[in-house]
Amino acid sequence: MRVYVPLTLPALAEAHRTGELGAEPLLAYAVTPALREWYLSDDIEELEYAALSRAALASLRLLAADQAAPRRRVVVAVDVPDRATAVDPDRGLDPAALGEVRVTGAVRLAKTAAVHVDAGDAEADVTAAAKALAAADGGDDDAQFVVDGAEDHELLWFAPQEIANLVGPGE
């Protein structure tokens, strides 16, 4: 199963250093039955893009919690065995959890299919979106507009061998 793991650039640097994508159970997003039902599409590419978009929003949440991280969303696409993923039944009906899965077992960075990262020109909008996220979650329409502004930026695609360049020298 292809899963999309939300990260920050410092977390990607740590994964590059250790060879693993974080502690288990690892939060990720995938094409789940609930996501299929919500998105109303049978096109797997559209569904995977929806899962990627959910992971990008989760990356924005990580940025909101880590003020020191560079203001660029990061999502790692990685293939894991189906048996390593599970949907939390307590969050199954929560719209915020659409596509959310927990991955058990070590997720090796070597299994990465691609890395998706914001371009530098998205940083101002991502910064504003991270600051507005709590208000948007509270129902503030103006704040939601700001958060949506970050989503207007397409994440760039990078091959796994480009991770070293993304995280910088010495990582």
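Which residue forms a salt bridge with Arg2, and how far apart are the closest N and O atoms? The partner is Asp79, and the closest N and O atoms of this salt bridge are 2.7 Å apart. The structure shown above is a predicted model, and this briefing goes through its salt bridges, a patch of negative charge, one helix with a buried face, and a cis peptide bond.

**Salt bridges**

- Side chains of opposite charge can pair when their charged atoms come close.
- A search of the whole structure finds 6 salt bridges, and the pair of Asp79 and Arg2 links distant parts of the chain, since Asp79 belongs to strand 3 (residues 74–79) while Arg2 belongs to strand 1 (residues 2–7), 77 residues apart.
- Asp79 has a relative accessibility of 37% and therefore counts as partly exposed, and Arg2, at 30%, likewise counts as partly exposed.
- Another salt bridge joins Asp137 to Arg61, with the closest N and O atoms 2.7 Å apart, and this pair too links distant parts of the chain, with Asp137 in helix 4 and Arg61 in helix 3, 76 residues apart.
- Arg61 is partly exposed, because its relative accessible area is 35%.
- Within helix 1, Arg17 and Glu14 lie 3 residues apart, which is about one turn of the helix, and they form a salt bridge whose closest N and O atoms are 2.6 Å apart.
- Arg17 counts as exposed because its relative accessibility is 55%, whereas Glu14, with a relative accessible area of 35%, is partly exposed.

**A negative surface patch**

- Asp121, Glu123, Asp125, Asp148, Glu151, Asp152 and Glu154 together form a negative patch on the surface, and the elements that give two or more residues to this patch are helix 4 (123–137) and helix 5 (141–151).
- Asp152 sits in the loop between helix 5 and strand 7 (156–158), and with a relative accessibility of 64% Asp152 counts as exposed, because the cut-off for that word is over 50%.
- Glu123 is located in helix 4, where a relative accessible area of 32% makes Glu123 partly exposed.
- Although Glu123 and Arg73 are 50 residues apart along the chain, their C-alpha atoms are separated by 8.9 Å.

**The two sides of helix 5**

- The buried residues of helix 5 include Ala143, Val147, Gly149 and Ala150, and, when the helix is seen down its axis, its buried residues fall within an arc of 145°, so they line one face of the helix.
- On the face of helix 5 that is turned away from this buried side, the exposed residues are Asp141, Asp142 and Phe145.

**Other places to look at**

- Glu24 and Pro25 are joined by a cis peptide bond, for which omega is about -5°, and Pro25 is placed in the loop between helix 1 (9–18) and strand 2 (26–29).
- Glu46 is part of helix 3 (residues 44–65), and its relative accessible area of 35% makes Glu46 partly exposed.
- The C-alpha atoms of Glu46 and Gly168 are separated by 32 Å, and these two residues are 122 residues apart along the chain.

How values were computed
Residues numbered from 1 in each chain as written. Predicted model: local features only at pLDDT ≥ 70, side-chain atom pairs only at ≥ 80, totals over all residues. Heavy atoms only, no water. Patch = residues over 30% accessible without salt bridge, like charges linked within 9 Å, V, L, I, M, F, W, Y side chains within 5 Å. Areas by Shrake-Rupley, 256 points an atom, 1.4 Å probe, with all protein chains shown as cover. Salt bridge = Lys/Arg side-chain N within 4 Å of Asp/Glu carboxyl O. Lys, Arg positive; Asp, Glu negative; His and termini not counted. Charge placed at Lys NZ, Arg CZ, Asp CG, Glu CD. Helix = DSSP H or I, 4+ residues; strand = E, 2+ residues; numbered from the N terminus. Buried < 20%, exposed > 50% of the residue type's maximum accessible area, 1.4 Å probe, protein only. Arc of directions from axis to C-beta.
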